[in-house]
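Got a model open and want to walk through its helices, its ligand site and a couple of single residues? Let's take it one question at a time.

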Amino acid sequence: MSAVHALQTRGLGISFGAFHAVADVDLTLEPGARQALIGPNGAGKTTLINLLTGVYRPTAGSIRMGDQDITALSCDQRARLGLARTFQINTLFPSLTPLLSVVLAISEREGLAATWWRPLKRCTQVFDEAHALLVRLRLDDLANVPVAQLAYGKQRLLEIALALAARPRILLLDEPAAGVPEDESGELFEVIADLPKDISILFIEHDMNLVFRFSRRISVLVAGRILTEGAPAEIGSDPRVREVYLGN
Ligand code: ADP
């Protein structure tokens with residue numbers, strides 16, 4: 001029996017009219033993966049993430065999460081199975097603190113719209129879990145600072161904390177370090193790489209230094225198709241990849 005992959009696509013594709021934005025993609029994410037999705041602008045990376053999360057319906061192929069076919073499931077259904085994503089855009093409430101932001105995200109997961117009216121014990125558990133998440137994301141010393149006052153890199157970390165509040169098995173990150181100053185992006189990726197190994201992670205990233213430092217596998221997407229996949233050392237020395245990036 002073959003091992004169960006965290007996520008696997010077969011022949012996945014989507015066309016907009018006659019344009020094949022993503023075509024014939026076989027992508028595998030192993031349990032505990034720290035996998036980068038790279039490729040030039042317009043290669044189809046965000047479109048592929050949108051297919052995985054259910055924002056777009058494929059015009060070809062299939063997606064499996066573990067041993068379950070999720071191709072026909074909605075975004076919400078996939079999220080409930082443990083598929084989480086963060087977005088390129090900032091989706092935080094500027095006046096909330098990180099602690100309250102995470103408490104609300106956990107409450108949402110638990111269906112605790114009225115957390116405040118629940119027994120104190122449950123409320124304490126939610127705050128404890130939120131605090132533990134902030135520690136993991138290295139945000140605990142900023143737990144009570146309004147989001148608007150956080151450095152941009154810390155805001156991006158909080159976005160990841162909110163995604164983690166859903167207790168996902170798979171985390172898809174679309175350029176988590178976009179807009180983050182260079183001196184903060186290394187720490188951001190350190191935190192991502194150190195997340196528990198029962199979370200499989202696929203991230204889009206343009207900065208090759210970060211990709212080579214923090215991924216254990218790289219998938220290269222060019223014109224909607226997987227050009228090649230492999231360990232960072234293999235990808236770094238692949239002449240086809242160099243050609244795509246350096247144009248020689
Ligand atoms: P990347 O993330 O690699 O920069 P994208 O996935 O954003 O690339 O885009 C891939 C291509 O698909 C682009 O040419 C884009 O214009 C096209 N595309 C994405 N979404 C749509 C859509 N809803 N309708 C038409 N074209 C789209």
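Q: In which helix is Arg 240 found?
A: Keep in mind that this is a predicted model. Going by the helix ranges, residues 239–246 make up one helix, and Arg 240 falls in that stretch. So the helix you want is α9.

Q: Is Arg 240 buried or exposed?
A: The cut-off for exposed is 12 or fewer C-beta neighbours within 10 Å. Arg 240 has 11 C-beta neighbours inside 10 Å, so Arg 240 counts as exposed.

Q: Which residues does Arg 240 touch, leaving out those up to four places away in sequence?
A: One partner sits 13 residues away along the chain, with its C-alpha atom 8.1 Å from that of Arg 240: Leu 227. With sequence neighbours up to four places away set aside, the residues touched by Arg 240 are Leu 227 and Thr 228.

Q: Now for a residue in a strand: is Ile 38 buried or exposed?
A: Ile 38 is found in strand β4, residues 34–38. Being buried takes 20 or more other C-beta atoms within 10 Å. Ile 38 has 24 such neighbours inside 10 Å, and therefore counts as buried.

Q: What separation do the C-alpha atoms of Ile 38 and Glu 205 have?
A: Ile 38 touches Glu 205, along with Val 211, Ile 218 and Val 220, once residues up to four places away in sequence are left out. Along the chain, Ile 38 and Glu 205 are 167 residues apart, yet their C-alpha atoms are separated by 6.3 Å.

Q: Which helix gives the largest share of the shell around the ligand?
A: The ligand is surrounded by Phe 16, Ala 21, Gly 39, Asn 41, Gly 42, Ala 43, Gly 44, Lys 45, Thr 46 and Thr 47. By class, that shell holds 3 nonpolar, 6 polar and 1 charged residues. The largest share is 3 residues, and it comes from the helix spanning residues 45–53, α1.

Q: How are α5 and α6 oriented to each other?
A: The axes of α5 (residues 152–164) and α6 (residues 182–193) come within 10 Å and cross at roughly 20°. The crossing is right-handed. Angles under 35 degrees count as roughly parallel, so α5 and α6 are roughly parallel.

Q: How many charged residues does the contact of α5 with α6 have?
A: From α5, the contact takes in Gly 153, Arg 156, Leu 157 and Ile 160, and these meet Glu 184, Ser 185, Glu 187, Leu 188, Val 191 and Ile 192 of α6. Sorted by class, there are 5 nonpolar and 2 polar residues, and the charged ones number 3.

Q: How many nonpolar residues are in the contact of α3 with α5?
A: Pro 98, Ser 101, Val 102 and Ala 105 of α3 meet Leu 158, Ala 161 and Leu 162 of α5. No residue in this contact is charged and 1 is polar, while the nonpolar count is 6.

Q: What is α3 relative to α4, oblique or roughly parallel?
A: α3 and α4 (residues 120–136) pack with their axes 9 Å apart, at an angle of about 120°. Roughly perpendicular covers 65 to 115 degrees, and roughly antiparallel needs over 145. An angle of about 120° therefore makes α3 and α4 oblique.

Notes
Residues are numbered from 1 along each chain as its sequence is written. This is a predicted model: local features need pLDDT of at least 70, side-chain atom pairs count only at pLDDT 80 or more; totals for chains, interfaces and linings use all residues. A residue is near a molecule or strand if its C-beta atom, placed from the backbone, lies within 6 Å of it. Helices (H or I, at least four residues) and strands (E, at least two) are DSSP runs, numbered from the N terminus. Ala, Val, Leu, Ile, Met, Phe, Trp, Tyr, Cys and Pro count as nonpolar, Asp, Glu, Lys and Arg as charged, and the others, Gly among them, as polar. Axes are lines fitted to C-alpha atoms, for helices over the stretch in contact, and angles run from 0 to 180 degrees between N-to-C directions. A crossing is left-handed if the near helix is turned anticlockwise from the far one by less than a right angle, and right-handed if clockwise. Two residues are in contact if their C-beta atoms, placed from the backbone, lie within 7 Å.
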